[in-house]
Amino acid sequence: MPTLRDAALASAFDHAARTYDTLVSANPGYHAHLRRSARRLGLPAQGRGLRVLDLGCGTGASTAALLSVLPDAEITAVDASAGMLERAEAKHWPSSVTFVHTPAEQLGAAGIGSGPVGGFDAVFAAYLFRNTADPDRVLTSVRDVLAPGGRVAVHEYTLSGKHRHRAVWSAVCAGLLPVTTALGDGALYRHLWRSVLEFDTVTHFSRRLTAAGFTRVRALPLPGWQTGITHTVVGQVPQERTRG
Ligand SMILES: C[S@@+](CC[C@H](N)C(=O)[O-])C[C@H]1O[C@@H](n2cnc3c(N)ncnc32)[C@H](O)[C@@H]1O
């Protein structure tokens, strides 16, 4: 089975949207870990006056994490799947949260990060990068929509490279597959399993951030069964942009 990309992936997420919240709630630590990664942006408490982009917001779990950590920030939440976004928008949000249907690869065309609304203080991307066809291109877009000194936190399944962490990941996915297949979402969850095994290790992904021009890049672990499997990788756009 090939890795799902672009329209096929968006369509698989459209279908899985109806059960997504139930499945992630059964995953110990899912919401707490998102909040921990949001805190790792290191922004001023409450986030008053800050503009934050949630890239690949899905049904809004990562948006809710940002809102709980930065309740006074303006949050723009973006996703390529209309079905996931519909679930997110159906939830109760303050007027400071807005949702936009667009792929991460086309932020400029959607008017995000350009013109009068340009210059985010932070970008949060939870479980997005592994799904993109060209992570370097998306990292460049992220850098371009950030104001000088802006922060990024990528919360992602990025394996340590140790055999035991790959084995735990495969055991978790194998356990999940009968349920997700019965729900009609087997292709998406086989994609999840495989995409993590094929994606960067955390060291490799951290290097991508540095290569994309981020400074102060650090990879931080998350606890529980996700140890060695899920990390927050944080970075910052330099205060002074170098001339190209
Ligand atoms: C695993 S979900 C994570 C959702 C949410 N961030 C969370 O933490 O629960 C990944 C989301 O990324 C979205 N996605 C995947 N590729 C994308 C892309 N290229 N541009 C925008 N969204 C994308 C999917 O539609 C899906 O909603």
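## Close-up views of a predicted model

**View 1. Asp79 and Tyr20 meet oxygen atoms of the ligand.** In this predicted model, a polar side-chain atom of Asp79 lies 2.6 Å from an oxygen atom of the ligand. Tyr20 also takes part. One of its polar side-chain atoms lies 3.3 Å from an oxygen atom of the ligand. Both distances fall within 3.5 Å, so both pairs count as polar contacts.

**View 2. Ala126 meets the ligand through its backbone.** Here a backbone N or O atom of Ala126 is the partner. That atom lies 3.0 Å from a nitrogen atom of the ligand. How much of the ligand's accessible area does the protein cover? On its own, the ligand has 590 Å² of accessible area, and the protein covers 95% of that.

**View 3. The ligand takes up the space of the largest pocket.** Three helices each give two or more residues to the shell around the ligand. They are H1 (6-25), H2 (30-39) and H3 (61-69). Which helix gives the largest share? H1 does, with three residues.

**View 4. The shell around the ligand holds 23 residues.** Tyr30, Gly56, Ser62, Asp79 and Ala104 come nearest to the ligand. What kinds of residue make up the shell? Nonpolar residues number 14, polar ones seven and charged ones two. Asp79, one of the nearest residues, has the side-chain contact shown in View 1.

**View 5. Tyr127 has a positive phi.** Most residues other than glycine have a negative phi. The phi of Tyr127 is near 60°, a positive value. Where does Tyr127 sit? Its place is the loop between strand E4 (120-126) and helix H5 (135-145). Is Tyr127 buried or exposed? Its relative accessibility is 11%, so Tyr127 counts as buried; the cut-off is under 20%.

**View 6. Arg216 has a positive phi as well.** Its phi is near 50°. Arg216 is found in strand E6, which runs over residues 215-221. Is this residue buried or exposed? Arg216 is exposed, because its relative accessible area is 65% and the cut-off is over 50%.

**View 7. Ala182 lies in helix H6.** This helix covers residues 163-182. Ala182 has a relative accessible area of 70%, so it is exposed. How far apart are Ala182 and Thr230? In sequence they are 48 residues apart. In space they are 26 Å apart, C-alpha to C-alpha.

Technical notes
Residues numbered from 1 in each chain as written. Predicted model: local features only at pLDDT ≥ 70, side-chain atom pairs only at ≥ 80, totals over all residues. Heavy atoms only, no water. Near = heavy atom within 4 Å. Polar contact = N/O pair within 3.5 Å; in protein donor to acceptor, adjacent residues only side chain to side chain. Areas by Shrake-Rupley, 256 points an atom, 1.4 Å probe, with all protein chains shown as cover. 1 Å grid on protein atoms, 1.4 Å probe; cavity = no way out; pocket = protein on both sides within 12 Å on 5 of 7 lines; lining within 4 Å. Sits in = over half its atoms within 2 Å of the grid points. Helix = DSSP H or I, 4+ residues; strand = E, 2+ residues; numbered from the N terminus. Nonpolar A, V, L, I, M, F, W, Y, C, P; charged D, E, K, R; others polar. Buried < 20%, exposed > 50% of the residue type's maximum accessible area, 1.4 Å probe, protein only.
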